[in-house]
Amino acid sequence: MSEKLTITTRITDVTANVALEGVIDEDANFDKIKSLGMNQFVFDFNNVSMINSCGIREWIKYLDELGSASITYINCPQIIIEQVNMVHGFIRKGVAVESFYAPYFCTNCDTGKKILLKSSEVSGSKPPLKYCNTCKTELEFDAIEKQYFSFLSQGK
């Protein structure tokens, strides 16, 4: 059994800050966000543990209902980035991805690491240099750069 999606909202000025936690699946209910009547949204995906194909469908339907609202994604885990890169409509025109996790690997520690990046740090599909917080060795990017960063041009 999967954990249910929890949605926490905080309104600041004209922006709805929406934190998503748990699983986005066929049971995901976005009514709580729809009822806010806002035109600017910041969606925090930091605590999303899984998303399946039915959840993607529900998310895209929800985005369509928002119309021309301004949307920003933050703290997107790798599972979200992979879906954004594969599924047309997960990120629509005008959606900005501000920050996301990227896979890196420390050859010295033999450990994979998920590093939070800002989209502005990526230039020409080249990952920024990052260092291991344990041994200070330069980390290797652990994905195909052009493929992983393809989402950066989708919302424009």
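These are my notebook entries on the sheet, the helices, the core and the salt bridges of this structure.

**Model.** I am working from a predicted model.

**Sheet.** I looked up the strand order first. I found an open sheet of 5 strands, ordered β1-β2-β3-β4-β5, with mixed pairing. I noted β1 (6-12) and β5 (95-97) as the edge strands, since each pairs on one side only. From one strand to the next, the twist averages 20°. I then looked at how β3 meets β4 (residues 70-74): the two run parallel and are joined by 5 bridges. For F41 I looked up the bridge partner in β4, and I have it down as I71.

**Helix α2 on the sheet.** I asked which strands α2 lies across. I found β2 (15-24), β3 and β4, with α2 running at about 175° to β3.

**Helix α3.** I listed the buried residues of α3 (residues 78-86) as Q78, I80, I81, Q83 and V84. I then checked what these buried residues pack against, and the partners are β3 (40-51), α2, β6 (99-106), β7 (111-118) and α4 (145-148).

**Core.** I looked up the largest nonpolar core and found 44 residues in it. The members that touch the most others are F43, F45, W59, Y73 and F100. I recorded β2, β3, α2, β4, α3, β5, β6 and β7 as the elements that give two or more residues to this core. In general, nonpolar side chains of soluble globular proteins tend to be buried together. I took F43 for a closer look. Setting aside residues up to four places away in sequence, I have F43 touching V18, I33, W59, Y62, L66, I71, T72, Y73 and I74. W59 and Y73 are among the contacts of F43, and both are also listed with F43 as members touching the most others.

**Salt bridges.** I searched the whole structure and got 4 salt bridges. I started with E58. With R57, E58 forms a salt bridge in which the closest N and O atoms are 3.0 Å apart. E58 also meets K61 in a salt bridge, at 3.5 Å from N to O. I therefore entered R57, E58 and K61 as one network, linked by salt bridges, each within the 4 Å cut-off. How far apart are E58 and K61 in helix α2? They are 3 residues apart in α2 (residues 53-65), which means a separation of about one helical turn. An α-helix has 3.6 residues a turn, so residues three or four places apart point the same way.

I also checked accessibility in this network. E58 is buried, at a relative accessible area of 15%. R57 is partly exposed, at 43%, and K61 is partly exposed, at 43%.

Another entry is the pair K130 and E121, a salt bridge with its closest N and O atoms 2.9 Å apart. I have E121 as partly exposed, at 30% relative accessibility.

**N17.** Is N17 buried or exposed? N17 lies in strand β2, and I find it buried, with a relative accessible area of 17%, because the limit for buried is under 20%. I looked for a polar partner and found the side chain of T12, in polar contact with the side chain of N17 at 3.0 Å. Leaving out neighbours within four places in sequence, the contacts of N17 are T8, T9, R10, T12 and V42. T12 thus appears for N17 both as a contact and as a polar partner.

Definitions and conventions
Residues numbered from 1 in each chain as written. Predicted model: local features only at pLDDT ≥ 70, side-chain atom pairs only at ≥ 80, totals over all residues. Heavy atoms only, no water. Salt bridge = Lys/Arg side-chain N within 4 Å of Asp/Glu carboxyl O. Buried < 20%, exposed > 50% of the residue type's maximum accessible area, 1.4 Å probe, protein only. Helix = DSSP H or I, 4+ residues; strand = E, 2+ residues; numbered from the N terminus. Contact = heavy atoms within 4.5 Å. Pairing = 2+ DSSP bridges. Axes fitted to C-alpha atoms, helices over the stretch in contact; angles between N-to-C directions. Core = buried A, V, L, I, M, F, W, Y, C linked by side-chain atoms within 4.5 Å. Polar contact = N/O pair within 3.5 Å; in protein donor to acceptor, adjacent residues only side chain to side chain.
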